[in-house]
Amino acid sequence: REISASPTSFRLTEKFILLLVFSAFITLCFGAIFFLPDSSKLLSGVFFHSSAVETNTRTGTDSDSNVAVGTEEKILTKIRKDHEKALVEAKDTLQKRPDEIKQDIQDEKDKVLKEGKGGKDYNNLPVIQYVRPPGATGHEPSDPETKERRAKIKEMMTFAWDSYKRYAWGSNELRPVSKQGHSSNLFGSIKGATIVDALDTLYIMEMFEDFDMATEWVEKNLDFNVNAEVSVFEVNIRFVGGLLSAYYLSGKEVFRRKAIELGEKLLPAFKTPTGIPWALLNLKSGIGRNWPWASGGSSILAEYGTLHLEFMHLSKLSGNPAFAEKVMNIRKVLNRLDKPQGLYPNYLNPNSGQWGQHHVSVGGLGDSFYEYLLKAWLMSDKTDEEGKKLYYEALQAIETSLMRKSSGGLTYIAEWKGGLLEHKMGHLTCFAGGMIALGADGAPEDKTGHQMEQASEIARTCHESYARTSEYSKLVQK
């Protein structure tokens with residue numbers, strides 16, 4: 001049959017000429033080595049760095065000369081083989097169609113690009129049987145008051161989300177007064193913190209159009225290949241946590257891939273003598289450090305203690321046990337340490353494995369460590385007995401040493417510094433009311449009612465702090 005020749009195809013004579021040119025070039029490169037000064041030293045030094053050849057250069061002994069000659073022969077043999085291999089490859093290439101050659105070039109480019117971005121294909125993760133969580137969507141409350149409150153909350157979310165889309169889309173956050181996007185240095189040059197953090201909320205509130213828009217942004221624009229220092233804690237809870245939540249709600253693989261990719265970039269933070277992670281990490285170099293203000297270079301309880309949930313799930317979804325091993329090691333380190341009055345100081349040196357300044361707070365610097373102990377137990381379907389034990393023992397120490405009642409009858413959780421109580425409760429401590437209520441059902445020795453009462457009292461104290469501040473502000477204004 002007839003074979004039509006396209007303008008881009010090579011004729012036989014052209015192939016032969018190209019092959020000759022290519023062969024001549026390789027031969028020229030091969031021969032040039034022998035015209036360089038002192039070629040034997042160049043060959044031995046550049047290609048093999050042989051100590052025997054260097055000795056020959058210095059002493060000129062017969063035995064070393066033999067070694068050098070043998071080494072040079074090996075080098076020349078290798079060059080000949082490489083030359084022959086290159087000729088074979090050239091012949092094979094010239095026998096291909098132009099479109100095949102173009103595809104080979106593109107494949108090489110893609111390979112180099114992938115290797116530059118970490119060299120791992122996150123499309124080939126272990127197969128996971130996805131099960132959609134029941135009750136996440138599709139239900140309306142029957143109580144009219146609850147339904148009205150629910151609608152109002154969604155209205156507020158819609159307003160906030162629409163403003164973010166309009167003024168700060170792709171930035172980490174919106175500055176509402178100036179109506180401009182802002183990206184905190186806590187995330188280095190990673191963008192889109194609000195998008196990732198809001199994914200689960202958008203899904204649960206059945207704002208599916210916005211959820212799909214956010215998903216598309218994550219797939220096309222969320223990039224972790226940055227030369228920047230990030231907060232391990234903040235990136236974990238906002239990005240890793242947000243991606244994992246979105247995956248479990250929707251089953252979309254893009255969220256699992258991105259979460260695992262980011263998790264692997266955070267693993268170098270654990271390269272310390274104790275395995276207690278650094279607070280800050282450069283995602284490209286893998287170099288970590290702690291906040292300079294944190295008690296002699298210590299890691300912070302609320303930061304290294306708030307990785308457990310996400311990292312356990314990363315192991316489950318990736319098949320890589322390293323994530324779980326890292327956070328379980330944190331527990332091992334804490335279990336070995338003596339705890340003053342059963343309390344956990346906020347600072348721990350990752351090099352020595354010793355506590356830093358003896359400052360205990362259930363608010364800032366400490367808060368979410370306790371929350372994660374409880375949630376680790378609940379998340380494990382109540383099989384993580386170690387997490388349960390650590391939580392209830394810590395709560396008992398907090399009740400004994402920190403929980404107090406004011407002269408006005410308000411229960412609060414004080415802070416502890418070097419054996420002395422500071423009778424103040426920060427805003428961030430207010431989460432403890434919800435935490436204690438959440439854990440009351442599994443309380444030991446039938447203390448469920450007692451812990452629910454504690455939770456209620458702390459919540460009341462926090463409510464009063466806002467209510468009385470508002471009243472005080474009105475009086476000042478008058």
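1. Core of the fold. In this predicted model, the largest nonpolar core holds 87 residues. Val218, Phe239 and Tyr370 touch the most other members of that core. Helix 9 supplies the largest share, nine residues. Another core lies apart from it and has six residues. Ala279, Trp291, Ala294 and Tyr347 are among those six.

2. Tyr370 and its partners. Which residues does Tyr370 touch, not counting those up to four places away in sequence? The list runs to Leu301, Tyr344, Val360, Ser361, Val362, Tyr391, Ala394, Ile398 and Met435. Tyr370 is also one of the buried residues of helix 14. Start with this side chain when you look at the core; Tyr370 is among the three members named for touching the most others.

3. Helix 14. This helix covers residues 367-379. Its 13 residues should span 18 Å at 1.5 Å a residue, and its end C-alpha atoms are 19 Å apart, so the two values agree. Buried positions in helix 14 are Asp367, Ser368, Phe369, Tyr370, Tyr372, Leu373, Leu374, Ala376 and Trp377. Note that Asp367 and Ser368 are on that list beside the aromatic residues Phe369 and Tyr370. After the helix comes Asp381, with a positive phi near 60 degrees.

4. The largest pocket. Its space is about 720 Å³. The lining counts 22 residues. Nearest the centre lie Gly241, Ser245, Leu309, Glu310 and Tyr372. Tyr372 also appears among the buried residues of helix 14. Four elements give two or more residues to the lining: helix 7, helix 9 (232-250), helix 12 (308-318) and helix 14.

5. Make-up of the lining. Which element gives the most to it? Helix 9 does, with nine residues. Helix 9 also gives nine residues to the largest nonpolar core. By type, the lining divides into eight nonpolar, six polar and eight charged residues.

6. Two loop residues with positive phi. Glu206 sits in the loop between helix 7 (193-204) and helix 8 (208-221). Its phi is near 60 degrees, a positive value in a residue other than glycine. Asp446 belongs to the loop between helix 16 (431-440) and helix 17 (448-477). Here phi is near 55 degrees, again positive and again in a residue other than glycine.

7. Exposure of those two. Are Glu206 and Asp446 buried or exposed? Glu206 has a relative accessible area of 33%, so it counts as partly exposed. Asp446 reaches 72%, so it counts as exposed. The cut-off for exposed is over 50%.

8. Pro268. This proline lies in the loop between helix 10 (253-266) and strand 4 (280-282). Leaving aside neighbours within four places in sequence, Pro268 is in contact with Leu281 and Gly286. Pro268 and Leu281 are 13 residues apart in sequence, while their C-alpha atoms are 7.8 Å apart in space.

9. Gln396. Look for this residue in helix 15 (residues 385-401). Its relative accessibility is 34%, so Gln396 counts as partly exposed. Gly342 is 54 residues away from Gln396 along the chain, yet the C-alpha atoms of the pair are separated by 8.5 Å.

Technical notes
Residues are numbered from 1 along each chain as its sequence is written. This is a predicted model: local features need pLDDT of at least 70, side-chain atom pairs count only at pLDDT 80 or more; totals for chains, interfaces and linings use all residues. Side-chain values use heavy atoms; hydrogens and water are left out. Buried means under 20% relative accessible area, exposed over 50%, partly exposed in between (1.4 Å probe, protein chains only). Contact means heavy atoms within 4.5 Å. On a 1 Å grid over the protein atoms alone, a cavity is a set of points where a 1.4 Å probe fits but cannot get out, and a pocket is an open set with protein on both sides within 12 Å along at least five of seven lines; lining residues have an atom within 4 Å of a point. Grid points are joined across faces, edges and corners, and a volume is the space filled by probe spheres set on the points. Ala, Val, Leu, Ile, Met, Phe, Trp, Tyr, Cys and Pro count as nonpolar, Asp, Glu, Lys and Arg as charged, and the others, Gly among them, as polar. A nonpolar core is a set of buried Ala, Val, Leu, Ile, Met, Phe, Trp, Tyr and Cys residues joined through side-chain atoms within 4.5 Å. The expected span of a helix is 1.5 Å times one less than its number of residues.
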